[in-house]
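The following exercises concern the structure shown below. Please attempt each task before reading its solution.

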Amino acid sequence: MISDRTRTSLKKELRSNAVATIGVILLLSMIVMALFAPMLAPHDPTDQDSSRNHQPPVFFGGEEEETTRMIDGEIRTVTESNVGSMTHPLGTDSNGRDVLSRTIYGARTSILVAFSAMLVSLVVGTTVGMVSGYYGGNTDTVLMRFVDIVLAFPALLITLAMIGVFGSVNVDIPDPLVVSGLVSGRPTHLTVPITITLAISSVIWVWIARVARGEAIAAKNEEYVIAARTMGMSNWKIIWKHVLPNSITPILVLATIQVASIIIIESSLSFLGFSGTNLSWGYDIAAGRDYLGTSWWLSTVPGLFIVVTVVGINLLGDLLRDALDPGIQRGGL
Amino acid sequence: MTPKILKVRDLTTRFFTDAGQVNAVSGLNFDLGQGEVLAVVGESGSGKSVTGLSLMDLIEAPGEITDGEIWFRSPQLADELGGQKEKEKEVVDGEYVNVRAVSPAIRQSLCGTEFGMIFQDPGAAFNPSLTVGEQIAEAVECNKRLDRGDTYGLLDLIRDILSPKSSFVSSESYERAIELLDRVDIPDPIDRVDEYPHQFSGGMLQRAMVAQALASDPTVLIADEPTTGLDVTIQAGIVDLLRELRVETGMSILIITHNLGVVSEIADRTAVMYAGELFEVGPTPQVFERPANPYTDGLLGSLPDFDDPNARIEPIPGNVPNLLAHEMPSGCSFADRCPKATEECAEINPPLEDLTEGDDHRVACLHAETTRRVAELSVESPIRADSRVDSGVTNE
């Protein structure tokens, strides 16, 4: 489906465009972080210890304070260190959990939801768009009016409504790195928020369908499609062989950019408390909101990671657009 | 005489646009003999291409073939379908099958296996994301599938998506693609077969397109302006190729063009179209040397004469009329540009009639020496115009 020519122009673009390369590196590092979270996280992200809560990131100050504690039945004065240290380089949250570890684990949820929701949206959106654009007529009218209805509502509203209707369904799958014994002392399961993924897909596919339809309409009037029809080629085959390969580029570019908005929707949902897991960037931002005045790093660190991922994806989208845009002719006839 | 392979009767194609109804092709009648090359000529907008598309059943909304029959000679299919009637229309007449009346599945299979089509713009007629060989092989596969009576349904599509290997063409079809490329004189077909369309030159792509059309061993090849946009030497090559193929395979060719040079090179018979109607049809030498219709005369007169380079080129004044139904003249559509036009031309739309001299030469003009007119003149009918209206002349 992706031709040699496409591959060549992608490579060329990657070599000549430094900014795009940065985008690819940013995104790849997020993916690596998500994949190898148990190995990369210095601590168990769920390990709580109130004696070291609200530690600022290293080099960001903090103080040693004297508090009274009941130890062995006696009231004693102890010195609690709240100075940022290399043990918790990005500080700790209100329960003393390591912010860096939590953020590394948070990448898993974001990236998992983003990619699986995009896969679902791509399959559904492309199919609907292709059928709608290629067949036209009443099929097109019915499908596109439905798409318009979905587009008319704010994405967050529909996802919230769906979560409200179907409840929060999550599947825990064992973390292969922990189960296989490679890493110990980390959460043994990885939570896949099914409802959220499907709810987000249900608002993203319409964008894909819109673009796919437009591309299919343009492609179906090409002479090679007419030529294929003169051979008696069936419609499904024409869609698969001729329409889809010539429509896929703008769809992929849009999909890349939509991945960024999925990450933001996912974070918003987690922020509102619908994450299904508490290892999520949005969840941490929401939890840190109460301490913004004193412990700014709780919301800032996951927030920065969202920014970095979204910027990385957008740069990748630009790269794809520049490399694949049919408007930019390279060689050819 | 050779048997007719295709008989077109009253073919009418209309487009229902926002601006009104466009009569792109109105009541076309012509025959195509076995192994014959028929050229359809005319200015831009005369309905030539729509005729070709109508024959292939490729008219899409807002267009529609509103009337007419396309009889294709296929004794085998006629036997199979004998006696069937669909929606009050005759499906079979002797050895002929009405392509317009058979079920969509049969029509698709008939168009796919018996008819081939080549297009004007070879650059656009190949999918830029597949190799040329793949596309020709695909045509071979498609033809095999139609011969087997298979249809490619949703299940096949899902299978292709799940296992990309199954959607590859078989090596047999691939070999055949190389053979076909070799047949149309593409050098190094074994290397060329794996190249993408943008690696081919325009002339080579046109040849490749002929190869693709040959994949189904068509009985009728419809060539829609096959030489437009190619330079003269390459045009000559394509014309030679078509001529060779005709002799070799015995197929009939319907060539749609406005290049009269190509017509004189290749066509046995020539049909002149104007404003969606057939103005004159006959053996090419007769049409060229003794055009019976003033339009044909004008068309030939607007060509430079190589024997007499100083002769003036006489263009036909004016333009092809707008084909919108409510703006069409009620009489002959050429009347307002015709040097011979008289008052009755503006009122009566002349039917296509046999010419007195010559075999199989027919013309639609009130001033031509048609057999009927000569007969009428000899009787010396006093009220000629009225009697003509009564004698079944359509006046739409």
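**Exercise 1: Contacts and compactness in chain B**

Among contacts in chain B between residues at least 6 apart in sequence, determine what percentage join residues at least 24 apart.

Solution. Two residues are in contact if their C-beta atoms, placed from the backbone, lie within 7 Å. Of the contacts in chain B between residues at least 6 apart in sequence, 64% join residues at least 24 apart. The model is predicted: local features need pLDDT of at least 70, side-chain atom pairs count only at pLDDT 80 or more, and totals for chains, interfaces and linings use all residues. Residues are numbered from 1 along each chain as its sequence is written, while chains are lettered from A and ligands numbered from 1 in the order in which they are written.

Next, chain B has 14 helices and 15 strands (DSSP runs, numbered from the N terminus: helices are H or I, at least four residues, and strands E, at least two). The radius of gyration of chain B, 23 Å, is close to the 21 Å of the globule rule for 396 residues, so chain B is as compact as a globular protein of that length. This radius is taken over C-alpha atoms, and the rule is 2.2 Å times the number of residues to the power 0.38.

**Exercise 2: A helix pair in chain A**

Describe how helix α9 (residues 223–230) and helix α10 (residues 235–243) of chain A pack.

Solution. First, the angle between α9(A) and α10(A) is about 145 degrees, and their axes are 11 Å apart. Axes are lines fitted to C-alpha atoms, for helices over the stretch in contact, and angles run from 0 to 180 degrees between N-to-C directions. Finally, A:Y224, A:V225, A:A228 and A:R229 in α9(A) meet A:I238, A:H242 and A:V243 in α10(A).
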